[in-house]
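Here are a few notes to read alongside the structure. Keep the view open and find each spot as you go.

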Amino acid sequence: MPAVEKKYHTYAKTTDNEGFKESRRHRAFGGFSMGSITTWYVFENNLKIFS
């Protein structure tokens with residue numbers, strides 16, 4: 001994520017954890033089929049930076 005958010009204009013003001021937490025309402029994560037387990041792990045471990 002830091003590489004993408006540094007290169008492209010996003011809602012994150014900084015590319016550290018605080019910047020990601022502040023802009024979490026503008027970030028989503030989803031997956032289908034085999035991606036559903038990855039989505040579940042993101043939900044369990046990284047809910048502070050995704051909405």
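1. Follow the chain from start to end and you get the pattern α-α-α. That comes to three helices and zero strands. Bear in mind that this is a predicted model.

2. Now for the overall dimensions. Along the principal axes, the C-alpha atoms fill a box of roughly 30 × 20 × 15 Å. The protein has 51 residues, and 20% of them are buried. Its accessible surface comes to about 4300 Å², with 57% of that belonging to carbon and sulfur atoms.

3. How about contacts across the sequence? Take the contacts between residues at least 6 apart in sequence: 30% of these join residues at least 24 apart.

4. Have a look at S23, in the loop between α2 (17-22) and α3. Is S23 buried or exposed? S23 counts as buried because its relative accessible area is 3%, and the cut-off for buried is under 20%. Leaving aside residues up to four places away in sequence, S23 touches Y11 and A12. The S23 side chain also makes a polar contact with the side chain of R27, at 2.8 Å.

5. Next, go to helix α3, residues 35-45, where you'll find F43. With a relative accessible area of 46%, F43 is partly exposed. So F43 can be part of a surface patch, since patch residues need over 30% relative accessible area. Its partners in that nonpolar patch are I37, W40, Y41 and L47, and the patch covers about 520 Å².

Conventions: Residues are numbered from 1 along each chain as its sequence is written. This is a predicted model: local features need pLDDT of at least 70, side-chain atom pairs count only at pLDDT 80 or more; totals for chains, interfaces and linings use all residues. Side-chain values use heavy atoms; hydrogens and water are left out. Patches are made of residues with over 30% relative accessible area and no salt bridge: like charges are joined within 9 Å, nonpolar side chains (Val, Leu, Ile, Met, Phe, Trp, Tyr) within 5 Å. Accessible areas come from the Shrake-Rupley method with a 1.4 Å probe; for residues, only the protein chains shown count as cover. A salt bridge is a side-chain nitrogen of Lys or Arg within 4 Å of a carboxyl oxygen of Asp or Glu. Helices (H or I, at least four residues) and strands (E, at least two) are DSSP runs, numbered from the N terminus. Buried means under 20% relative accessible area, exposed over 50%, partly exposed in between (1.4 Å probe, protein chains only). A polar contact is a pair of N or O atoms within 3.5 Å; within protein, one must be able to donate a hydrogen and the other to accept it, and residues adjacent in sequence count only if both atoms are side-chain atoms. Contact means heavy atoms within 4.5 Å.
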